[in-house]
Amino acid sequence: MVGYAEPDADALFVRLADEAYALGAAETADTYLNIDAMASAAVRAHADAVHPGHGFLAENADFAQAVIDAGMVWVGPKPETIRVLGSKVAARRIAAEVVEFAREHGLPIAIKAVYGGGGRGLKVVHEPDEVAAAFESAMHEAEVAFGNGDCFVERFLARLWHVEVQVLGDQFGTVLAVGTRDCSLQRRNQKLIEEAPAPFLAAETVRELERAAVAICSRAHYESAGTVGFLVDDGTMSFMEVNTHIQVEHPVTEAVTGVDLVAAQLAIAEGAPVEAVPGLESGVTPEPRGGHAMEFRINAEDPSLGFVPFPGVVESLQVPTGPGIRFDSGVAAGDSISSRYDSMIAELIVKASTRAECLRRAERALAELHIHGVPTVVPFDKAVLESADFGAGADWRADDDVSNANFRVYTRWIEEELLPNLPSETLEDWRRAGERAMGERRRAG
């Protein structure tokens, strides 16, 4: 069963659900962020368990507790674990007044929502007179998106790689690492392209990241699927956060390990040991079954206008097919993209035996993908694949012991390297692609 707000009454996830329950008003604070409304809908449906997904209340300990108090199984970590790890303040022990922090440690600084994610509630400040306004803006954005405006501050470090370790923990105290992902390709601190395993990491770096992730989650008695994020440069590793829910980018890990992470969550919630999860029967960190995978977040955004979200109607959708292609879509032809929610239309996951082959397969898949009615980031994705930086070291394999310095893409690469160096013809191509996607509708209107 699912619950839905009024604007989503005809959405694909509602149409596909066996049972769908109206939550009432359109505002997220009254629907998807309303703990009582969501828990009550599950009770009315006589649900045995509630899966948190990866948005809205997914990392809300109070919602997890409400589900448990109503007699249902929470398919995720315990509420107390979410409070410790989901709160970036508690996880990182950071508490400082913003202006004083900037004066003491210097600029730039990052102001982050405690319960944030996806770049929401995150502001990077480069000038002293911007601090107060940025903090107020981050708090407001976090309150609207997550129902909690708490924020914290830290030094902002550039030219870093965002590396994640997927973990699974059970009720018996076992926590295993289930592979790495690189999520460095971001714009406005929101991920656009992810890949697994994280390329160009030295073998010892991978081992240290996995050991650290397991140690952190073991200390918190972690259950279910979770993600431990790190910032990595060519010499150091810095713990960033623990995401206490399934990540949007989890399919790339599934592709290279063969472990169904959502099925694992359900099995663990039913009391199964993590060693019983298919692919983890040996009770040790799984060896990748081989290959490389990439995920492209297909958003309804116009890259020629600075990735501005573009609500509208998806008039037609032609999906790529073939070996190694997975297309997870939240919309179908005729569906609307609302300005109220995230602009993501779908996830395109591409798997191949090597990174080089994965790049070529991704190019073909993006060429086959056609979305009419709204502009999308597809032209941008194609430009990334054509860039020398992203394609550098394409012949890398997971068993290569090489330095991460060979990977030229870092968390601010889009803003600092790719966009400033794009020829004007490419930007014009993006604009024309957006117009073609919209067809004659705007000009006729």
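User: Rings of Phe, Tyr and Trp (its six-membered ring) pair if their centres lie within 6.5 Å; planes under 30 degrees apart count as stacked, over 60 as edge-to-face and the rest as tilted. So how many aromatic pairs turn up in a search of the whole structure?

Analyst: Five aromatic pairs. Note that this is a predicted model: local features need pLDDT of at least 70, side-chain atom pairs count only at pLDDT 80 or more, and totals for chains, interfaces and linings use all residues. Residues are numbered from 1 along each chain as its sequence is written, and side-chain values use heavy atoms, leaving out hydrogens and water.

User: What kind of pair do Phe-380 and Trp-430 form?

Analyst: An edge-to-face one. The centres are 6.0 Å apart, with 75° between the planes.

User: Which parts does that pair tie together?

Analyst: Phe-380 sits in helix 12 and Trp-430 in helix 15 (residues 424–438), so the pair joins parts 50 residues apart in sequence. Helices here are DSSP runs of H or I, at least four residues; strands are runs of E, at least two; both are numbered from the N terminus.

User: Are those two buried or exposed?

Analyst: Both Phe-380 and Trp-430 are buried, meaning under 20% relative accessible area (exposed is over 50%, partly exposed in between; 1.4 Å probe, protein chains only). Ring pairs also link them with Phe-307 into a cluster.

User: How much of the protein chain is buried?

Analyst: Of its 445 residues, 50%.

User: What about the largest nonpolar core?

Analyst: It has 40 residues. Among those with the most contacts inside it are Leu-185, Phe-296 and Phe-380. Such a core is a set of buried Ala, Val, Leu, Ile, Met, Phe, Trp, Tyr and Cys residues joined through side-chain atoms within 4.5 Å. A second, separate core has 19 residues, including Ala-177 and Val-228.

User: What does Phe-296 touch?

Analyst: Leaving aside residues up to four places away in sequence, its contacts (heavy atoms within 4.5 Å) include Leu-192, Ala-346, Leu-348 and Leu-385.

User: New topic. How many helices and strands are there?

Analyst: The protein chain has 16 helices and 21 strands.

User: How are the strands of the open sheet ordered?

Analyst: Eight strands run 12-11-8-9-10-13-20-18, with antiparallel pairing. Two strands pair if DSSP finds at least two bridges between them. At the edges are strand 12 (237–243) and strand 18, each pairing on one side only.

User: How many bridges link strand 8 and strand 9?

Analyst: Six, between residues 161–169 and residues 175–187. Gly-169 has Val-175 as its bridge partner in strand 9.
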